[in-house]
Amino acid sequence: MPRPADSTQPQAASILPPRSVPLSTTTCELCHIRKPFLRRPKTGQKICQPCFFHVFEREIHNTITSKNLFYRGERVAIGASGGKDSTVLAHVLKVLNERYDYGVEFVLLSIDEGIRGYRDDSLETVKRNKDQYVMPLEIVSYKELYDDWSMDDIVAQIGNRNNCTYCGVFRRQALDRGAKKLGIKHVVTGHNADDMAETVLMNLLRGDTARLDRCTEIVTQSADSPVKRSKPLKFTYEKEIVLYAHYKKLDYFSTECIYSPEAFRGTARTLIKNLETVRPSAIVDIIRSGETFALERKKSGTALKLGSCERCGYISSNRICKACVLLEGLNAGRAAVQVNGVGYEPDEGAALSKRLEHLSF
Amino acid sequence: MAVSLTVEFSGGLEALFNNSRSINLSLASRDGSDSPTIADLVVRLCEKVMTSKRRELFVIDGYHVRPGILVLINDADWELEGEEEYVIQQGDQILFASTLHGG
């Protein structure tokens, strides 16, 4: 039955091809030989495992070469948490470095936030990765960098509400300091396409237009950090990362941080996953949108003046760097506990957040 | 007649199922026929196997596997096998892997 051209009603049965035409292929759409094992979310192609490994690695290689991420002889630190993303990143970078002869020297760099039952276990994974991938490993801890404060100590003092703020500020600086210790100026991280889409969405929902186009950049070199960051997995879907790790039987650790995650990010994440189910290309499409949104900048009166923190000497556009502002609050709280035997004022956390907001990020 | 199968959990889902990574099950369909589907399996896992009260971390809208959880049937993406309607075969190995955790 021919379908009327002006019909607006879906007539699924009548527009399907005759049954003799197979609706799905039974062999891999790339090699046309083997049985397909997965459907690629990015392209919808049904492919087999060997073809999957090939395109997965090849795409990351293309990202690396087209964006000139590395140069021969460069020493690069891989921010390694022991989780799936950084483990796959380390594995793939090792494979590609050998296959395509990048001539890059990779080092694993891990941050020990001091979270018992979470980071101590994942660091054991990183220590195994060190041997599996034959890469040196450097671990820097919050405790050694920040006046003997571990995240466990911080949460014990400030409670479970603002802890991600502390952890975020501290981790960023810790990665820089770890890299500096190693004499390295470039850190790669395992942020994947889903993470990028999530961040675009969060910036959009917060009206954070200044970060909207910046957050999708594959290489970031911000004024207040001496170290370049890049994200070779920027276009790699989380689904494929998990499948790759599973099929390759990579050794990784998966447990959520025991402290409450940011509720807002969780909501954005759920939204992204729901969108992916309906329209798998949504993830790269959101990244594309983020890349293309370049809003006209307000003319800023004064250019950002770079100096170094009066307390710790770390590069900062403020008199005192963000980490030291947070530390000051923590140490004041600790002193109050020691002197008066009373608890930390809950309002102080909010006041600190306020103070942080006024610092430029 | 029921079929026996192995169910595996990874990516953090272990925590919802008494920290087990792998369990063996014998499963019949809810309507008593010989061909239980993944949908039957998911109901069984939620009702009888899950030890956590946080069911919403595994299913949404009743008994539908939450987006962001990969399902592999004998290592193949369930999207190639008919998803919830896949009829479980004797000896099948079914993996539920969460992608929702940080990396």
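**View 1. Chain A as a whole exposes about 18,600 Å², with carbon and sulfur atoms supplying 54% of that area.** Accessible areas here come from the Shrake-Rupley method with a 1.4 Å probe, and for residues only the protein chains shown count as cover. This is a predicted model, so local features need pLDDT of at least 70 and side-chain atom pairs count only at pLDDT 80 or more, while totals for chains, interfaces and linings use all residues. Residues are numbered from 1 along each chain as its sequence is written, chains are lettered from A and ligands numbered from 1 in the order in which they are written, and side-chain values use heavy atoms, with hydrogens and water left out. Chain A has 14 helices and 10 strands (DSSP runs numbered from the N terminus: H or I of at least four residues for helices, E of at least two for strands). Of its 361 residues, 46% count as buried, meaning under 20% relative accessible area; exposed is over 50%, and partly exposed lies in between (1.4 Å probe, protein chains only). Take the chain A contacts (heavy atoms within 4.5 Å) between residues at least 6 apart in sequence: 71% of them join residues at least 24 apart.

**View 2. Helix H7 of chain A, with a look at two of its residues.** The 20 residues of H7(A) should span 28 Å at 1.5 Å a residue, and the end C-alpha atoms are indeed 28 Å apart; the expected span is 1.5 Å times one less than the number of residues. Arg172(A) sits in this helix, which covers residues 163-182, and counts as partly exposed at 34% relative accessibility. Ile78(A) is 94 residues away from Arg172(A) in sequence and 14 Å away in space, C-alpha to C-alpha. Gln173(A), on the other hand, is buried at 5% relative accessible area. Setting aside neighbours within four places in sequence, Gln173(A) touches Tyr146(A), Tyr314(A), Cys321(A) and Ala323(A). Other buried residues of H7(A) include Tyr166(A), Val169(A), Phe170(A) and Leu182(A). Just past the helix, Gly183(A) takes a positive phi of about 70°.

**View 3. Helix H8 of chain A, mostly covered, with 10 of its 14 residues buried.** H8(A) runs over residues 193-206 and reaches 20 Å from first C-alpha to last, close to the 20 Å expected. Among the buried residues are Met196(A), Val200(A), Leu201(A) and Met202(A). What do the buried residues of H8(A) pack against? The partners are helices H3 (84-99), H9 (209-212), H10 (238-247), H11 (263-278) and H12 (282-292) of chain A. At the N-terminal end, Asn192(A) acts as the cap: a side-chain oxygen lies 3.0 Å from the backbone nitrogen of Asp194(A). Just after H8(A) comes Gly207(A), with a positive phi of about 70°.

**View 4. Where chain B meets chain A, burying about 1,900 Å² between them.** Buried area is the accessible area (1.4 Å probe) that two parts lose on being put together, summed over both; carbon and sulfur atoms account for 53% of it here. On the chain B side 21 residues are in contact with 26 residues of chain A. The two chains share four salt bridges (a side-chain nitrogen of Lys or Arg within 4 Å of a carboxyl oxygen of Asp or Glu). One of the chain B residues in a salt bridge is Glu79(B), whose partner is Arg39(A), the closest N and O atoms being 3.1 Å apart. Strands E5 (69-73), E6 (76-77) and E7 (93-98) of chain B are the elements giving two or more residues to the side that touches chain A.

Key
A polar contact is a pair of N or O atoms within 3.5 Å; within protein, one must be able to donate a hydrogen and the other to accept it, and residues adjacent in sequence count only if both atoms are side-chain atoms.
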